[in-house]
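Welcome! Let us work through a few short exercises on how a ligand is held by its protein.

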Amino acid sequence: MSGEKWFIEHFESEGTAFGLRLNRKLEAKRTKYQHIEIWETETFGYLMTIDGCTMVTSRDNFLYHEMMAHPALFTHERPANVVIIGGGDCGTLREVLRHPEVEKAWQIDIDEMVTKLAHKYFPELCEANDDPRAELLFSDGVEWMHEREAGSIDVIIVDSTDPTGPAEGLFTAEFFADCRRVLRDGGVLVQQSESPLLHGETIIRSMHRNMKEAGFDTTQTLHFPVPVYPSGWWSCTMAGKSAEVNRFREDDAGKRPFHTRYYTADMHQAAMQLPPFLEEAITAGE
Ligand code: SAM
């Protein structure tokens with residue numbers, strides 16, 4: 001309707017788009033790495049976009065953040081040291097720090113402006129940033145991982161933007177090999193792996209291949225809804241270093257000592273059940 005303003009993310013290569021009706025634009029910051037904008041939407045609270053792509057909204061970010069953090073942490077036997085690569089909005093960090101056995105969590109995002117804007121517009125996601133176990137660093141995750149001491153981390157969570165621009169290197173076999181080196185035995189890696197419907201035969205399939213090529217023993221994709229990302233359906237893919245990632249500490253997940261809005265042991269189990277088309281997309285050519 002005339003006079004109404006919408007944020008529309010055009011997903012050109014697939015001929016689709018997603019929109020949110022806007023009240024107003026609040027910020028536009030062009031950094032060395034990307035173009036970050038904050039919008040006030042009519043029904044989803046605040047919206048952060050990077051280079052025109054939806055990153056987080058106030059209303060639905062719990063779906064993504066809970067599923068990036070809890071499945072990996074309940075898969076590891078005893079996650080004490082955790083690293084988040086990307087994740088500058090701090091929502092994944094907040095979920096990680098809900099686990100009492102976590103002793104230290106590092107968040108390494110390339111762009112400090114993402115975190116500055118998250119503090120201002122998504123303070124609820126930043127509420128664990130002052131936890132003494134948290135350390136926020138601002139540098140390239142590919143370089144950080146390359147320089148990190150071997151066998152020093154239990155869980156690595158790659159909460160990155162799409163595989164273009166600064167995040168491109170976070171999807172490669174070379175980066176996964178560095179992650180594997182940095183993990184202790186029993187370690188778990190998880191990377192956001194885009195849409196099961198739109199990227200099953202491309203990004204998800206090559207992620208499994210790259211993780212195996214990097215030496216990981218087991219891999220597992222989990223899927224869950226994220227209405228504001230292309231196709232409304234999203235995924236993450238886990239890899240284990242001498243660890244099975246298709247099973248998890250189900251009892252502990254059921255008795256978790258914190259509140260969640262999407263994650264439960266049953267949702268975790270359900271997220272690992274792959275529909276045939278996705279299974280076929282992942283395993284084609286093997
Ligand atoms: N949930 C989001 C999604 O799937 O669209 C991701 C959100 S999070 C804000 C993505 C973060 O990855 C951004 O803050 C960006 O700065 C960061 N990032 C991109 N490339 C990076 C790299 N090479 N090293 C560290 N952080 C990176």
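**The shell around the ligand**

By class, the shell around the ligand holds 10 nonpolar, 10 polar and five charged residues; Ala, Val, Leu, Ile, Met, Phe, Trp, Tyr, Cys and Pro count as nonpolar, Asp, Glu, Lys and Arg as charged, and the others, Gly among them, as polar. This is a predicted model, where local features need pLDDT of at least 70 and side-chain atom pairs pLDDT 80 or more, while totals for chains, interfaces and linings use all residues. Residues are numbered from 1 along each chain, and side-chain values use heavy atoms, without hydrogens and water.

**Exercise 1.** Find the residues that come nearest to the ligand.

*Solution.* Start with the 25 residues around the ligand (a heavy atom within 4 Å). Among these, Gln 34, Asp 109, Gly 141, Pro 166 and Tyr 229 come nearest.

**Exercise 2.** Trace the polar contacts (N or O pairs within 3.5 Å) of ligand nitrogen atoms.

*Solution.* Step one: the side chain of Tyr 229 has an N or O atom 2.5 Å from a ligand nitrogen. Step two: a polar backbone atom of Ile 110 lies 3.1 Å from a ligand nitrogen. Step three: for the Tyr 64 side chain, the distance from an N or O atom to a ligand nitrogen is 3.5 Å.

Note on methods:
Polar contact = N/O pair within 3.5 Å; in protein donor to acceptor, adjacent residues only side chain to side chain.
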